[in-house]
Amino acid sequence: MIRIQTERFEAAELAKQLQDRAGSRAGALVHFLGMVRDYSPDAGSHSLFLEHYPGMCEREIQALCDHAKQRWDVLDTLVVHRVGELPLGDPIVFVGVAATHRGQAFQACEYIIDALKTRAPFWKRETLADGRAFWVEQRAADAAKTAQWDHPQETP
């Protein structure tokens, strides 16, 4: 299940939804929760504004989840990503994976969030405390991390 929304979410509620859907087949449930942090070391951040490409974004995330299900013993996934103006400390993204074993769940969850950061069409604009705003560029380290997943023998 993939949801893109403006509304705040509760990670515990999402984890419970995933656990209920996976049922007794799941031996492990792993989730990642991404938060709005202070990106700017000099001026201090005020907020983060996220835009996305509707339709394409959901399809890309679904493709990542489908790939994770094929590559690992994954029973179910749940990804919720927020868009719009988000203040510091707010949750941005939840990635949950239910699997038969913990190792499979950890790897699949890490893969999904790594690939989501570089492949899903989201754009971030940071607004600083002084009112200046700028688009956040993709970090080379994120792209390199995602590329490692394409080579299973080198997977982190």
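## A tryptophan on the surface

Let's start with Trp-123: its relative accessibility is 42%, so it counts as partly exposed. Bear in mind that this is a predicted model. Trp-123 sits in strand β7, and it helps make a nonpolar surface patch of about 440 Å² together with Tyr-53, Met-56 and Trp-135.

## The antiparallel sheet

Strand β7 belongs to an open sheet of four strands, ordered β5-β3-β7-β8 and paired in the antiparallel sense. At the edges you'll find β5 (84-87) and β8 (133-136), each with a pairing partner on one side only. From one strand to the next, the twist averages 25°.

Zoom in on β7 (residues 122-128) and β8: four bridges hold this antiparallel pairing. Arg-125 has Trp-135 as its bridge partner in β8, and Trp-135 is also one of the residues in the nonpolar patch. Further along, Thr-127 is matched with Ala-133 in β8. The hairpin of these two strands has four residues between them, and Gly-131 there takes a positive phi near 95°.

## The mixed sheet

There's another open sheet of four strands, this one in the order β1-β4-β6-β2 and with mixed pairing. Its edge strands are β1 (2-5) and β2 (28-35), each of which pairs on one side only. On average, neighbouring strands here are turned by 10° against each other, direction ignored.

The strands β1 and β4 run parallel and are joined by four bridges. If you want a residue pair to look at, take Arg-3, whose bridge partner in β4 is Val-80.

## Three rings in a cluster

A pair of aromatic rings is described by the distance of the centres and the angle of the planes. The structure holds three aromatic pairs. One of them is Trp-72 with Trp-149, an edge-to-face pair at 5.7 Å centre to centre and 85° between the planes. Trp-72 is in the loop between α2 (56-71) and β4 (74-82), while Trp-149 is in the segment after α4 (140-148), so this contact ties together parts that are 77 residues apart in sequence. Both Trp-72 and Trp-149 are buried.

Which kind of pair do Tyr-111 and Trp-149 make? Their ring centres are 5.8 Å apart and the planes are at 75°, so this one is edge-to-face. Tyr-111 comes from helix α3 (residues 102-119) and Trp-149 from the segment after α4, so the pair ties together parts that are 38 residues apart in sequence. Tyr-111 is buried, as is Trp-149. Put the pieces together and you get one aromatic cluster of Trp-72, Tyr-111 and Trp-149.

## Salt bridges across the chain

Side chains of opposite charge can pair when their charged atoms come close. Here, the structure holds ten salt bridges. Among them is the one between Arg-21 and Asp-76, with the closest N and O atoms 2.8 Å apart. Arg-21 lies in helix α1 (residues 11-22) and Asp-76 in strand β4, so the link ties together parts that are 55 residues apart in sequence. Why does Asp-76 count as buried? Its relative accessibility is 11%, and buried means under 20%. Arg-21, with a relative accessible area of 32%, is partly exposed.

Lys-145 and Asp-114 form another salt bridge, where the closest N and O atoms are 3.3 Å apart. This pair links distant parts of the chain, with Lys-145 in helix α4 and Asp-114 in helix α3, 31 residues apart. Asp-114 counts as buried at 12% relative accessibility, whereas Lys-145 is partly exposed with a relative accessible area of 25%.

## The segment after α4 and a charged network

Back in the segment after α4, Asp-150 forms a salt bridge with Arg-119, the closest N and O atoms being 3.4 Å apart. Arg-119 lies in helix α3, so the pair ties together parts that are 31 residues apart in sequence. Asp-150 is partly exposed at 48% relative accessibility, and Arg-119 is partly exposed too, with a relative accessible area of 32%. Elsewhere, Arg-8, Arg-82 and Asp-90 are joined into one network by salt bridges that share partners.

Terms used:
Residues are numbered from 1 along each chain as its sequence is written. This is a predicted model: local features need pLDDT of at least 70, side-chain atom pairs count only at pLDDT 80 or more; totals for chains, interfaces and linings use all residues. Side-chain values use heavy atoms; hydrogens and water are left out. Two strands pair if DSSP finds at least two bridges between them. Axes are lines fitted to C-alpha atoms, for helices over the stretch in contact, and angles run from 0 to 180 degrees between N-to-C directions. Patches are made of residues with over 30% relative accessible area and no salt bridge: like charges are joined within 9 Å, nonpolar side chains (Val, Leu, Ile, Met, Phe, Trp, Tyr) within 5 Å. Accessible areas come from the Shrake-Rupley method with a 1.4 Å probe; for residues, only the protein chains shown count as cover. A salt bridge is a side-chain nitrogen of Lys or Arg within 4 Å of a carboxyl oxygen of Asp or Glu. Buried means under 20% relative accessible area, exposed over 50%, partly exposed in between (1.4 Å probe, protein chains only). Rings of Phe, Tyr and Trp (its six-membered ring) pair if their centres lie within 6.5 Å; planes under 30 degrees apart count as stacked, over 60 as edge-to-face and the rest as tilted.
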